[in-house]
Amino acid sequence: MPRSADVPIPDSPQSPYPVTTEFCDIVCGFGRGSSELGIPTANVLFEQMPKAVESLPFGVFFGFARLKEVNEGSTKTLRRPDGSNVNFNFGQSLSDEEMQVWPVVLSIGLNPFYQNDTKTVELHILHKFGHDFYGAKVKFNILGYIRPELDYTTKEALIQDINIDIKIATKTLLKPEYRAYNKL
Ligand SMILES: Cc1cc2nc3c(=O)[nH]c(=O)nc-3n(C[C@H](O)[C@H](O)[C@H](O)COP(=O)(O)O)c2cc1C
C-alpha cells in the first residue's frame, strides 16, 4: 500500500539520477540511529557531497554503496557532545564480503523528528555488519527518491516508515534497470 507521501518510482533512474559520490569519510552522528532506533546509519559530511546533492530535496533516497577501510595504523576514541565515546576503527575489521557493493537507503535533511539544525546525510546500508566502521570511507550513488522527510509523533512511527523505505528500496534495486548501477 503506497503511503500518501510516497513519490512514484520510475522504471529506471531518471535525471538528475544517478548522482555518484567519491569515497567520503564516515563521521560520527549523534548515535541515535543505532541506540534508539535499532537502525544504524553511517553519517557523511555534506561538504564532501557532489554539487548535484545540493539541489536534491530533503528526504529519503536509495542506491548502492561500497565501504573501504582506511589504513590509519591505530584506532581512536572520540567523545560525542553528550559525553558518550565513539571508537574509530577506520573500517579495519571489515571483511572482503562487507566491502562489496550493498543496497542502501539514505536520508538527507534536518531529521525533523530530532530537530537537528545542520543538514545531515545518513546511510543505512542494507547488510548486517559485524562491527561499527567509524572512520572508514564510503562511496555511493543515489538512484531515486522515495519520500520527503517527515516529522513523527513517536519513534515507533519513524521506525515503521524506515522499514517501508527499506522494502521499497530493496524491491526497486532488484530491477535490472537499477541493478545495472551496482558497480562502484
Ligand atoms: C531511510 C531513512 C529515513 C529516515 N527518515 C526520516 C524522517 O522522515 N524524519 C526524520 O526526522 N528522520 C528520518 N531519518 C533519520 C533518523 O531520524 C536518523 O537516522 C536518526 O536521527 C539517527 O541519527 P544519528 O545517527 O545522527 O543519531 C531517516 C533515516 C533513514 C536511514
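User: Is F113 buried, exposed or partly exposed?
Analyst: F113 is partly exposed, at a relative accessible area of 21%, where buried means under 20%, exposed over 50% and partly exposed in between (1.4 Å probe, protein chains only). This is a predicted model in which local features need pLDDT of at least 70 and side-chain atom pairs count only at pLDDT 80 or more, while totals for chains, interfaces and linings use all residues. Residues are numbered from 1 along each chain as its sequence is written, and side-chain values use heavy atoms, with hydrogens and water left out.

User: Which residues come nearest to the ligand?
Analyst: R32, F113, E122, R147 and L150 come nearest, out of the 24 residues around the ligand, a residue being near if one of its heavy atoms lies within 4 Å.

User: What polar atoms of R32 and L150 face it, then?
Analyst: A backbone N or O atom of R32 lies 2.6 Å from a ligand oxygen atom, and a polar backbone atom of L150 is 2.7 Å from a ligand nitrogen atom; a polar contact is a pair of N or O atoms within 3.5 Å.

User: And which ring does the charged end of R32 sit over?
Analyst: The charged end of R32 sits over the ring of Y114, 3.9 Å from its centre, the criterion being CZ of Arg or NZ of Lys within 6 Å of the ring centre and within 35 degrees of the ring normal.

User: Switching to the shell, which element gives the most?
Analyst: α2 does, with three residues, and α2 spans 155-173.

Methods:
A polar contact is a pair of N or O atoms within 3.5 Å; within protein, one must be able to donate a hydrogen and the other to accept it, and residues adjacent in sequence count only if both atoms are side-chain atoms. Helices (H or I, at least four residues) and strands (E, at least two) are DSSP runs, numbered from the N terminus.
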